[in-house]
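Q: Hey, could you walk me through this one? I'm new to reading structures, so plain words please.
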Amino acid sequence: MLKVDQICLLGNDKRMDFAAQYFYDVGFDVSREYHDIGKSQVVVFSPMTKEQEIIDVLKYMRMKNIVFVGNETQKIKDICDKKEIELISYLSIPSLVTENAILTAKGIIKEAINCNAVLEASHCLVCGYGNCGKAIATELLKMNSYIDILVRRKEQKSEIEKRGYKCILFQDVPHISFEKYSYVFNTIPVCAIDQAILSKFTKTIIIFDIASNMGGIDKDYCMKHQIELHHKLGIPGKMFPRQAGELIAKEVYNYL
């Protein structure tokens with residue numbers, strides 16, 4: 001571990017409050033103030049910090065400092081390279097990706113229950129089988145749901161079926177009835193669930209979308225046909241700020 005005793009955590013984000021408390025508890029000199037950037041060896045930005053805000057802070061940082069950001073951009077990387085500042089994108093660390101996916105899955109299941117979803121013995125379609133898709137399927141299994149997984153890549157089929165789920169390939173959608181499903185959980189970050197698929201569900205279908213940006217569901221079609229759609233972003237930070245903040249802090253601490 002590097003000899004670091006001062007750390008600055010920036011961003012108006014509850015996760016950073018809990019991360020700061022974690023570092024305080026393990027003996028760091030912790031600051032949440034921008035004016036302490038110059039004397040801090042390590043700066044951690046919240047996942048929600050905008051690119052320009054990070055760039056503005058980097059102007060005041062010294063050579064050999066360490067900066068942790070949620071997701072790096074090319075501009076941020078170029079500035080850090082030029083100033084010889086070490087840059088780490090913590091949301092890309094595999095262990096944190098996995099843990100955030102679990103929190104996301106727990107959160108969207110909680111959201112479904114809050115919407116009066118009866119998941120036990122219900123047929124659920126999970127769209128996508130990345131980290132979040134896997135975690136959601138696992139949580140649904142705990143609820144005794146019947147789970148099918150919709151994916152594009154044929155090579156995922158064996159893993160999905162090995163887990164006990166039914167695998168549906170996008171190429172086979174035209175030949176399959178979707179009327180049995182009560183709930184859809186989408187993780188695909190492009191508009192993959194379009195009119196051709198949405199029209200195959202019953203009118204009582206309820207859709208939960210966690211895909212980033214604009215989501216992966218045709219919102220216009222849902223509005224026009226009164227399909228219930230819940231698009232939920234940033235679940236770890238909004239629903240589990242303590243756990244999410246401590247996860248970030250632990251990854252930073254382990255790196256140091």
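Q: Which handedness does the unit made by β6, α5 and β7 have?
A: β6, α5 and β7 form a right-handed β-α-β unit. One thing to keep in mind is that this is a predicted model.

Q: OK. And how do β6 and β7 run, parallel or antiparallel?
A: They run parallel, with 5 bridges joining β6 to β7. To pick out one spot, L125 has D148 in β7 as its bridge partner.

Q: What about the other neighbour, how many bridges join β7 to β8?
A: There are 4 bridges between β7 and β8 (residues 166-169), and these strands run parallel. Along that pairing, I149 stands opposite C167 in β8.

Q: And which helix goes with β7 and β8 in a β-α-β unit?
A: That's α6, residues 157-162, and the unit it makes with β7 and β8 is right-handed.

Q: How many residues of β7 are buried?
A: 5 of the 6 residues in β7 are buried, so the strand is mostly covered.

Q: Let's look just before that strand. Where does S145 lie?
A: S145 is in the loop between α5 (131-142) and β7 (146-151).

Q: Is S145 buried or exposed, and why?
A: S145 counts as buried because its relative accessible area is 8%, and the cut-off for buried is under 20%.

Q: So what does S145 touch?
A: Leaving out residues up to four places away in sequence, S145 touches L119, E120, A121, S122, C124 and L140.

Q: S122 is on that list. Where does S122 lie?
A: S122 sits in a loop too, the one between α4 (94-114) and β6 (123-127). With a relative accessibility of 10%, S122 counts as buried. Beyond its neighbours within four places in sequence, S122 is in contact with S145, Y146, S182 and Y183.

Q: New topic: the core. How many residues does the largest nonpolar core have?
A: It has 50 residues, and V44, F68, L140, I149 and F185 are the ones with the most contacts inside it. The element that gives the most to this core is α4, with 7 residues.

Q: L140 came up with S145 as well. What does L140 touch?
A: Not counting residues up to four places away in sequence, L140 touches I109, L119, C124, V126, S145, I147 and F185.

Q: And what lies apart from that core?
A: Another core lies apart from it, with 21 residues, including L125, I168, I197 and C222.

Q: Why do nonpolar side chains end up together?
A: As a general tendency, nonpolar side chains in soluble globular proteins are buried together.

Q: Now rings! How many aromatic pairs are there?
A: The structure holds 10 aromatic pairs. One of them is F23 with F28, which is edge-to-face, at 5.1 Å centre to centre and 75° between the planes. F23 counts as buried at 1% relative accessibility, and F28 is buried as well, with a relative accessible area of 7%.

Q: What about F178 and Y181, why is that pair edge-to-face?
A: The planes of F178 and Y181 are at 90°, so the pair is edge-to-face, and the ring centres are 5.5 Å apart. F178 is buried at 0% relative accessibility, and Y181 is buried at 2%.

Q: Which residues do ring pairs link into a cluster?
A: Y22, F23, F28 and Y253 are linked into a cluster by ring pairs.

Q: And which ring does the charged end of K200 sit over?
A: The charged end of K200 sits over the ring of F178, 5.8 Å from its centre. Elsewhere, R152 lies over the face of F170, at 4.3 Å from the ring centre.

Q: Last thing, the backbone. What is the phi of N116?
A: N116 has a positive phi of about 70°, although it is not a glycine. In general, most residues other than glycine have a negative phi. N116 is in the loop between α4 and β6, and it is exposed, with a relative accessible area of 66%.

Q: And what is the phi of Q226?
A: Q226 has a positive phi too, of about 55°, and is not a glycine. Q226 is in the loop between α8 (219-224) and β11 (228-231), where it is exposed, with a relative accessible area of 70%.

Note on methods: Residues numbered from 1 in each chain as written. Predicted model: local features only at pLDDT ≥ 70, side-chain atom pairs only at ≥ 80, totals over all residues. Heavy atoms only, no water. Phe/Tyr/Trp six-rings, centres within 6.5 Å; stacked < 30°, edge-to-face > 60°. Buried < 20%, exposed > 50% of the residue type's maximum accessible area, 1.4 Å probe, protein only. Lys NZ or Arg CZ within 6 Å of the ring centre and 35° of its normal. Helix = DSSP H or I, 4+ residues; strand = E, 2+ residues; numbered from the N terminus. Contact = heavy atoms within 4.5 Å. Core = buried A, V, L, I, M, F, W, Y, C linked by side-chain atoms within 4.5 Å. Pairing = 2+ DSSP bridges. Right-handed = clockwise from strand over helix to strand, strands pointing away.
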